[in-house]
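Q: Before any feature is discussed, please show the sequence and the structure.

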2 protein chains.
Amino acid sequence: MTESAGTGRDAEVVSRFVESFAAQLVEAGMTRMPARVFAALLSSDAGSMTSAELGEQLRISPAAVSGAVRYLAQTHMVSREREPGSRRERYRVHGDQWYEALTNRDAVLKRWEAALREGVTSLGADTPAGRRLSETLAFFEFLEGELLAMMERWRVHREKTFGPEGPQG
Amino acid sequence: MTESAGTGRDAEVVSRFVESFAAQLVEAGMTRMPARVFAALLSSDAGSMTSAELGEQLRISPAAVSGAVRYLAQTHMVSREREPGSRRERYRVHGDQWYEALTNRDAVLKRWEAALREGVTSLGADTPAGRRLSETLAFFEFLEGELLAMMERWRVHREKTFGPEGPQG
DNA sequence: CACTTCTTTCAGAAATTTGTGAAGTTAAGG
DNA sequence: CCTTAACTTCACAAATTTCTGAAAGAAGTG
């Protein structure tokens, strides 16, 4: 048993899950380090870890942690907070916040829509290709609205199931 | 004006849209060649092109077309059909089929769920981390159902807006 | 304001991915 | 069955991405 001092958690079991879940994220298109860091945070009891802890668990350099965290913060999957009275930082999965990040590909959708609108205009709205692009555009606009409504339903469903707090608020 | 013989389409305008839309897809995580091939098919009047046509428009080798098409076919973004009495093949965006491909990350979702279930068990359902994983799992299960319902609503919405055929049904 | 602790940046080594040409395979047409 | 058109596979070169060590940059502390 690889049991780190006093945590009551088998480091190897944790690591096994972290790596296997990260691998799935990678396969779905996420880059490796952000995926591993995110998986580690997700399976930490506190829901947050320091740079040093991440480096140790994942066996990566501070530089790699820094890069991964920057990406995760930009995409709102993780938030950073300063430990008061210390230059140490904690990175945290913020309860529900990251579901939104996952579905809120809003910026992406918007850019696709813009590109498609361009296409409809330049290929001609009355050509077969133009009509196809129009329909695609309509789909994305539909999607955008649906995602919003869906997240609202999830919030309700979640409160019913897990209570207004949820794991680690 | 770069007008290819008799098509009535300005090749350069088409190309400009194809490349810019493909670029957006790439930025969202799709690999370059599949993105370009898909964009080209999407903006073709017929909704389908041959390998040669794709190679010419995108300036890529038959090998590259082959690889891209294999990927697109596997992910059901594009279907392949044989031109009768010829060894030439046509690749086609199949009207509505590809919306489903886009949202039906079903296989991916299922694998994430499996990995999470593993995690809940191995970290302990009654630990803080285990509870967090449980909630994540619940979210994906919720998502799965929602996507299904959403596509049904889209089908209805689409028929109302575009008629039962749609562009190149 | 020096000291220490933590984080970020950066240049480059290492690994991975991508696209090509060339050879191989399949199937239509004579 | 031989020829030829079309697609696929494969090994490799090129481009890109990823991660690291080293150095520089912040930010608390005495």
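A: A polar contact is a pair of N or O atoms within 3.5 Å; within protein, one must be able to donate a hydrogen and the other to accept it, and residues adjacent in sequence count only if both atoms are side-chain atoms. This is a predicted model, in which local features need pLDDT of at least 70 and side-chain atom pairs count only at pLDDT 80 or more, while totals for chains, interfaces and linings use all residues. Residues are numbered from 1 along each chain as its sequence is written, chains are lettered from A and ligands numbered from 1 in the order in which they are written, and side-chain values use heavy atoms, without hydrogens and water.

Q: Which side chains have an N or O atom 3.2 Å from a phosphate oxygen of DNA strand D?

A: Ser61(A) has such an atom, and so does Arg70(B). A polar backbone atom of Arg87(B) lies 3.0 Å from a sugar or linking oxygen of DNA strand D.

Q: Which residues come nearest to DNA strand D?

A: A residue is near a strand if one of its heavy atoms lies within 4 Å of it. Of the 21 residues around DNA strand D, those that come nearest are Thr31(A), Met33(A), Arg80(B), Arg88(B) and Glu89(B). Sugar or phosphate accounts for 79% of the atoms of DNA strand D within 4 Å of the protein.

Q: How are the two chains related?

A: Two copies of a chain are related by a rotation about an axis and a shift along it. Here, superposing by least squares on the C-alpha atoms of residues with pLDDT of at least 70 in both, a turn of 180° and a shift of 0.0 Å along the axis lay chain B on chain A with an RMSD of 0.1 Å. That is the relation of a two-fold axis.
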